[in-house]
Amino acid sequence: MGLISTRNFPARSRPLAMQSSRGFVDRTLSWLVVFLAISAAYLYTFPQPNIFYAGVVLLHAAGGGLTAILLIPAFLRRLPTGSVSSRAGWLLIAFGAVLGLILLKTGTPRTEWNKLYWHISISLAGVGLLVAAWLGQRKYDESSPTVAALRAVICLVVLAGIGYGARYVREGWQTRNRIENPTMPPDTMNGEGDGPDGAFFPSSAQVYGKQKIPSKFFMESDSCKRCHEDIYNQWFSSAHHFSSFNNQWYRKSIEYMQDTIGTEPSKWCGGCHDPAVLYAGLMDTPIKQIVHRPEAQAGLGCMMCHSIANVKSTMGQADFYLEYPKLHELAATQNPVARALHDFLIKLNPEPHRRVFLKPFMRDQTAEFCSSCHKVHLDIPVNHYRWFRGFNEYDNWQASGVSGQGARSFYYPPKPQQCADCHMPAEASKDFGNVNGFVHSHRFPAANTAVPTANEDAPQLKLTEDFLKNGALTVDIFALAPAQAPLKPGAAARSELSTTFAVGEEAESKVPVEAGGETASVTAPLNRVQPALRRGDAVRVDVVVRTKKLGHFFPGGTVDAYDTWLELKGTDDEGQTIFWSGMVEDNGHGPVEKGAHFYRSLQIDAHGNPINKRNAWATRSVVYVRLIPPGAADTVHYRLLVPENAGSKITLHARLCYRKFSWYGTHEAFAGEPDPAAPNSVSPDYDDRPTVFTASLHGVSAKEEKIPDLPIVAIAEDEVTLPVVSHNAPAPEPKTIVGKEEWQRWNDYGIGLFLQGDLKGAAAAFQKVTEADPANPDGWVNIGRSAVQEGDMERARTVLEKALALSPRLARANFFYAKVLRADGNYAGADARLRMVLEQYPRDRVALNDLGRVLFLERKYDEAVKVLQSVLAIDPEDLQAHYNLMLCYNGLGNDKLAKQHQARYMRFKADESSQAITGPYRQLHPEDNNERQAVHEHVSVTLPIPATPHVGTAASAVPPGKARLAVACGASR
């Protein structure tokens, strides 16, 4: 076969030697073009990370270079002669060769994709024209231009079709490699991962082939630095880098865990925190023996996240498969020749490298990918007790408006967002792999101020503090009411799911109807009305905390360990502090006062000791959980007594404060040890030993051998100054300002009241929204929410019909209207409304569960099963879906499947009897008992008594414990 014809060169005119030489060159060039076309088709269509593919890349590059050299004399000879197709073909091949030579120099990163695809397209077109010319020499009459043109078009069309098919095959892997949930979760933890016989159990992590992975694989991130220096430098300061025993807080928790319940349960943590230790089989050794080895100090390197080949579900718990890449040894080799060859191949054709280390789900299903480590549960192999949910960043995101999947949210961002939108923002970079000069930041900005403080990493600390203060939350000192109308404390909110974390829009909230008392007449907004305070009066101040740019609960993560609280401080114009809730002891460096309004999960062990040593495995009950959902609010109540000697003005300053670890937690992590003088009373269920902070600081995982003083970050602040008048002045009348610009503030206020169960107060606030903007359906929808929660379906019907008149397809209005229709027994109407909701939000789990329940009530069991199974495709651990499926299969007479779902329901359901443990604890800790109430008030810490005290002049005159207990019991002073 020869694509170069010598027919147009008369033999008599050329010496034999020249004819022979040129014939050899022409034949060689023809075969090189054939080889390059075939190898290009293979390289483009089937990128693979193996030696054979790498060899073909090298041969293609070498063949392309040789072709470019041989083309010079052949091109000059052929250009004046030959057919039009032949000359055009060789001209295009020459252009393609020039681009190929440029790509040999630049490589083919994303920034060079234009050149790459021009190289492919031009060369492909050139081959098509050469094939057309060759066919013309063999089959057809070259003298017909029409036939020649038609032949060329046919060849180009055929090659274009082959190219399209090659692209289809090339891109097909992206649709196959997706994160999908199983149809049925295991009924015990033994069914997770490799099970009790697995090397990594109770972590759910698995390695293909059940092999161990050498530690060095996770410790060679510097090999990535050669091409991704900016990303490497970002990661080097990140919390991911300091996830393991190079983090003193984590290190101490595992040392304590292993001392208490053994090494095997600690693998539950190691699946995500300690890859270089766990996957090499080193975690069976007590970590105290190897804590200073490089493996224990490696943290989460590049290879940990980027070698995850498959995420098995969104159930978390390191539920993924790792894969040990075949060519890793070449990438990390110290041999300069082999390393240079590897880097050349990667730059020349990075597609196999990208397929190994950047799976489609890492970009397209970011939240599902992150859920593999940012969602956890515990069970018998870890806690010797039962299943319960630990922290969970995924489910509340998935069900919220932030994800674009939740139908019932209070607020929605302009467009849906995933984890990387906030925590991996674009950062300018010229690294290979940058997109338009930017890469996703691998600093992973979030909320960990502890690690950079211990490491004395000022840039990372500033980045974290700036991230916390970038407007993700707001504080609004909003309303005032007479304290003579005290709040009635409601029962603490309860979740049917066994969890130490909050439950948001992924399940229906069940707030007791009696939680809300009579509506107090409020004055608001305070900064607009500026009401006068009378000396000697007691007033209730309401402060609203709103989540604005969060995709998960605030705070997130291990919420049993943080100090997150709202501080309210009142000072007059004479410099007196007349109120202070949320004060920090030791001039701002010690513990937070016990009566502050905390955002946390307060858990206790079997003997009622607080879980304060990162010992989640010992949790047996939850005293309270207070977190704010995304796009929602919390309304905090304070009882302020205006002193008789107050100045003419009082300034109230509110701060939302955050300290990564509690004061106790940091001291325990660095210097805590059981009191040697106390009995050694400890088991997997409890630890009665008192802690003393006398342990040696030698060798702690920090830059200096000292206990760090963690910064307190004011995430958001607000301030309002109010005039003070004489006690004899007329009592100020309640006054509200309702303007269109204020609707969201009233809405936030109502949301906070609604979520704590003050349904009448919430409805009154939402009524103000309708007054501020009658054309806004949100006010009517939220009044409807409150009415539905209260069971007042007639009121709900009236206001929801107003909302639907304004926006007939509004999903949240139709969802709550379906509740009204279902209460009427109008199942067909409820069915239609829910289907309208699901047309817009097909992954709203509560809407799906409600539709499944309606179908069950209609005895359409088969349809109900299909709907409820789609809930499990979103969350295999959805409690309500398993319960309803159990009922449906009972209705169908399928006892086997009914029992399977019953087993899952019982596994995930809360242990209600465990609340009995909280009784003695709450009696001993009245501040925590007050905080447990859904609706409660806070009073000031004890403050210095004024030099000339007056009757009832300061809240400090009442012992804080007693005052708070009185408020918790519904009494007024």
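How many of the 10 residues of strand β8 are buried? I began with that count, and 8 of the 10 residues of β8 (residues 473-482) are buried, so the strand is largely enclosed by the rest of the structure.

**Ground rules**

I worked on a predicted model, in which local features need pLDDT of at least 70, side-chain atom pairs count only at pLDDT 80 or more, and totals for chains, interfaces and linings use all residues. Residues are numbered from 1 along each chain as its sequence is written, and side-chain values use heavy atoms, with hydrogens and water left out. I took buried as under 20% relative accessible area, exposed as over 50% and partly exposed as in between (1.4 Å probe, protein chains only). For helices (H or I, at least four residues) and strands (E, at least two) I used DSSP runs, numbered from the N terminus.

**Entry: β8 and its partner**

I looked up what β8 pairs with, counting two strands as paired if DSSP finds at least two bridges between them. β8 runs antiparallel to strand β10 (residues 538-547), with 9 bridges between them. I noted one partner in β10: V541 is bridged to L480. In a regular strand the side chains alternate between the two faces of the sheet.

**Entry: helix α29**

I checked the length of helix α29 (residues 811-824) against its expected span, which is 1.5 Å times one less than its number of residues. The 14 residues should span 20 Å, and the end C-alpha atoms are 20 Å apart, which agrees. I then looked at burial and found α29 mostly covered, with 11 of its 14 residues buried. The buried residues are A811, R812, A813, N814, F815, F816, Y817, A818, K819, V820 and L821. The buried residues of α29 pack against α27 (777-790), α28 (793-806), α30 (827-840) and α31 (845-857), where contact means heavy atoms within 4.5 Å. After α29 comes G825, whose phi is positive, near 85 degrees.

**Entry: cysteines**

I searched for disulfides, meaning pairs of cysteine sulfur atoms within 2.5 Å, and the structure holds 1. The bond is between C272 and C373, with the sulfur atoms 1.9 Å apart. The torsion about its S-S bond is about -90 degrees, so the disulfide of C272 and C373 is left-handed. I placed C272 in helix α9 (residues 267-273) and C373 in the loop between α16 (366-371) and β4 (375-378); the pair links distant parts of the chain, 101 residues apart. C272 is buried at 13% relative accessibility, whereas C373 is partly exposed at 22%.

Why is C227 not bonded to C224? The sulfur of C224 is the closest cysteine sulfur to that of C227, but at 8.8 Å it is too far for a bond. C227 is buried, at 14% relative accessibility. I also looked up C370, which is in no disulfide; its nearest cysteine sulfur, that of C419, is 4.1 Å away. C370 is partly exposed, with a relative accessible area of 25%.

**Entry: aromatic rings**

I searched the whole structure and found 33 aromatic pairs. Rings of Phe, Tyr and Trp (its six-membered ring) pair if their centres lie within 6.5 Å; planes under 30 degrees apart count as stacked, over 60 as edge-to-face and the rest as tilted. F245 and Y250 have ring centres 5.4 Å apart and planes at 40 degrees, so this pair is tilted. F245 is buried at 0% relative accessibility, and Y250 is buried at 9%.

Y883 and Y905 are also tilted, because their ring centres are 5.1 Å apart and their planes lie at 45 degrees. I found Y883 in helix α33 (residues 879-892) and Y905 in helix α34 (residues 895-908), so the pair ties together parts that are 22 residues apart in sequence. Y883 is partly exposed at 29% relative accessibility, while Y905 is buried at 12%. I logged one aromatic cluster formed by F200, F217, F218, Y279 and Y324.

**Entry: charges over rings**

I counted a charge as over a ring if NZ of Lys or CZ of Arg is within 6 Å of the ring centre and within 35 degrees of the ring normal. K569 has its charged end over the ring of W580, 4.0 Å from the centre. K660 has its charged end over the ring of F661, at 5.3 Å from the centre.

**Entry: E771**

I looked up E771 last and found it in helix α26 (residues 759-772). E771 is partly exposed, with a relative accessible area of 45%. Its C-alpha atom is 8.5 Å from that of W743, with the two residues 28 apart along the chain.
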